[in-house]
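Work through these short exercises with the sequence and the 3D view side by side. Try each task before you read its solution.

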Amino acid sequence: GEGKRDPHWLQQRWLTAAKGKTIAVVLTNGQEVNGTLIASDQFTLGVKEASGELALVYKGACAVLRRAAEGGENGESGKP
């Protein structure tokens with residue numbers, strides 16, 4: 001059987017789908033971190049920024065995570 005559902009299933013599903021893709025992270029202080037999601041664990045996200053720097057972002061500091069629009073496609077962004 002499936003057993004007890006993981007309480008973090010939605011988070012895990014979103015992060016798994018976003019791994020290797022460009023994301024925008026809006027922090028609770030209003031700052032934004034943009035880059036490729038390369039890893040995540042229980043408390044943190046590893047984001048490789050365009051500069052090549054690796055940012056370790058604590059999930060507790062995140063207000064919103066978004067998948068950035070891919071190159072020429074606008075289907076992902078939700079904007080017309």
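**Surface and fold**

The protein exposes about 5900 Å², and carbon and sulfur atoms supply 50% of that area. Accessible areas come from the Shrake-Rupley method with a 1.4 Å probe; for residues, only the protein chains shown count as cover. This is a predicted model: local features need pLDDT of at least 70, side-chain atom pairs count only at pLDDT 80 or more, and totals for chains, interfaces and linings use all residues. Residues are numbered from 1 along each chain as its sequence is written, and side-chain values use heavy atoms, leaving out hydrogens and water.

**Exercise 1.** State the secondary structure pattern of the protein along the sequence.

*Solution.* Start with the rule: helices (H or I, at least four residues) and strands (E, at least two) are DSSP runs, numbered from the N terminus. The protein has one helix and five strands. Their order is α-β-β-β-β-β.

**Exercise 2.** Classify Gly46 and Gly60 as buried or exposed.

*Solution.* Take the cut-offs: buried means under 20% relative accessible area, exposed over 50%, partly exposed in between (1.4 Å probe, protein chains only). Next, place Gly46: it lies in strand 3 (residues 44-48). Its relative accessible area is 10%, so Gly46 is buried. Now place Gly60, in the loop between strand 4 (54-58) and strand 5 (62-67). Its relative accessible area is 72%, so Gly60 is exposed. For the whole protein, 22% of the 80 residues count as buried.

**Exercise 3.** List what Gly46 touches, leaving out residues up to four places away in sequence.

*Solution.* Contact means heavy atoms within 4.5 Å. Gly46 touches Thr36, Leu37, Ile38, Ala39, Leu54 and Ala55. Then check a pair by C-alpha distance: Gly46 and Tyr58 are twelve residues apart in sequence and 9.0 Å apart in space.

**Exercise 4.** Find the nonpolar surface patch that includes Leu56.

*Solution.* Patches are made of residues with over 30% relative accessible area and no salt bridge (a side-chain nitrogen of Lys or Arg within 4 Å of a carboxyl oxygen of Asp or Glu). Like charges are joined within 9 Å, nonpolar side chains (Val, Leu, Ile, Met, Phe, Trp, Tyr) within 5 Å. Leu56 lies in strand 4. Leu56 is exposed, at 56% relative accessible area. Its patch is Phe43, Leu56 and Tyr58, with about 380 Å² of accessible area together.

**Exercise 5.** Which ring does the charged end of Arg5 sit over?

*Solution.* The test: NZ of Lys or CZ of Arg is within 6 Å of the ring centre and within 35 degrees of the ring normal. The ring is that of Trp9, its centre 4.2 Å from the charged end of Arg5.
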